[in-house]
Amino acid sequence: MHGFSFTFKAATLLLLGLQLGINKAQNDIEGGKSILFYLDVPRYAEENEEITVKLGLETQYNECSVVKAYLVTNVPMEGNFNFKQTRCLCNDNRINLYWDFPVNQTLNFAVVVEIVKDKNICPNDEAMVPIKGDLYYSYRSVYVY
């Protein structure tokens, strides 16, 4: 049931953002601590061209966190687009995640990062999950010509 709830929440965020025309959104945490996004996404691509989405992540927390990152769209996509990547994110180490996939039409999508409680990701399973601010997202578009 939790998986359905989360999928519904992420899909709702995507649809709401696309309908409202929001280009970029990020959940800010009270007290100014957050996860910082560094996104590299091509703005334009040729039909059937393979593109690379690069996501760099940094944290302002003193403790490590387990983060799960993935892409969400309302257009059916196959392959690497659907890979969920889970990593340990600490304040002394920026991480980079990559997705390579072909595009055959203009694509609006969300890059979603969630702080989760997965085990065996961070050393000694020492990772924190904030009470608030455990979900971050940013919207992007790739226009196909």
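This passage describes the fold of a predicted model and the disulfides found in it.

The secondary structure of the chain consists of one helix and eight strands. Read from the N terminus, the order of the elements is α-β-β-β-β-β-β-β-β. Of the 145 residues in the chain, 41% are buried. Among the contacts with a separation of 6 or more, 75% are between residues that lie 24 or more positions apart. The exposed area of the chain is about 8,600 Å², and carbon and sulfur atoms supply 48% of this area.

Strand β6 spans residues 95-103 and has two faces. The covered face is made up of Ile95, Leu97, Trp99, Phe101 and Val103. The uncovered face carries Asn96, Tyr98, Asp100 and Pro102. Strand β6 pairs with strand β3, which comprises residues 49-59. The two strands are antiparallel, and nine bridges connect them. Within this pairing, Gly56 is located opposite Asn96 of β6; Asn96 is also one of the residues on the uncovered face of that strand.

A search of the whole structure gave two disulfides. One of them connects Cys64 with Cys90, with an S to S distance of 1.8 Å. Distant parts of the chain are linked by this pair, since the two cysteines are 26 residues apart. Cys64 belongs to the loop between β3 and β4 (65-73), whereas Cys90 belongs to the loop between β5 (85-89) and β6. The torsion about the S-S bond of Cys64 and Cys90 is about 110°, and the disulfide is therefore right-handed. Both Cys64 and Cys90 are buried.

The other disulfide is formed by Cys88 and Cys122, whose sulfur atoms are 2.1 Å apart. Cys88 is part of strand β5 and Cys122 is part of the loop between β7 (107-116) and β8 (135-144), so this pair ties together parts of the chain that are 34 residues apart in sequence. The link of Cys88 and Cys122 is right-handed, with 105° about the S-S bond. A residue is counted as buried when its relative accessible area is under 20%. Cys88 has a relative accessibility of 18% and therefore counts as buried. Cys122, at 5% relative accessibility, also counts as buried.

When the bonded cysteines are numbered in sequence order, the pairing in the chain is 1-3, 2-4.

Key: Residues numbered from 1 in each chain as written. Predicted model: local features only at pLDDT ≥ 70, side-chain atom pairs only at ≥ 80, totals over all residues. Heavy atoms only, no water. Buried < 20%, exposed > 50% of the residue type's maximum accessible area, 1.4 Å probe, protein only. Helix = DSSP H or I, 4+ residues; strand = E, 2+ residues; numbered from the N terminus. Pairing = 2+ DSSP bridges. Disulfide = S-S within 2.5 Å. Contact = heavy atoms within 4.5 Å. Areas by Shrake-Rupley, 256 points an atom, 1.4 Å probe, with all protein chains shown as cover.
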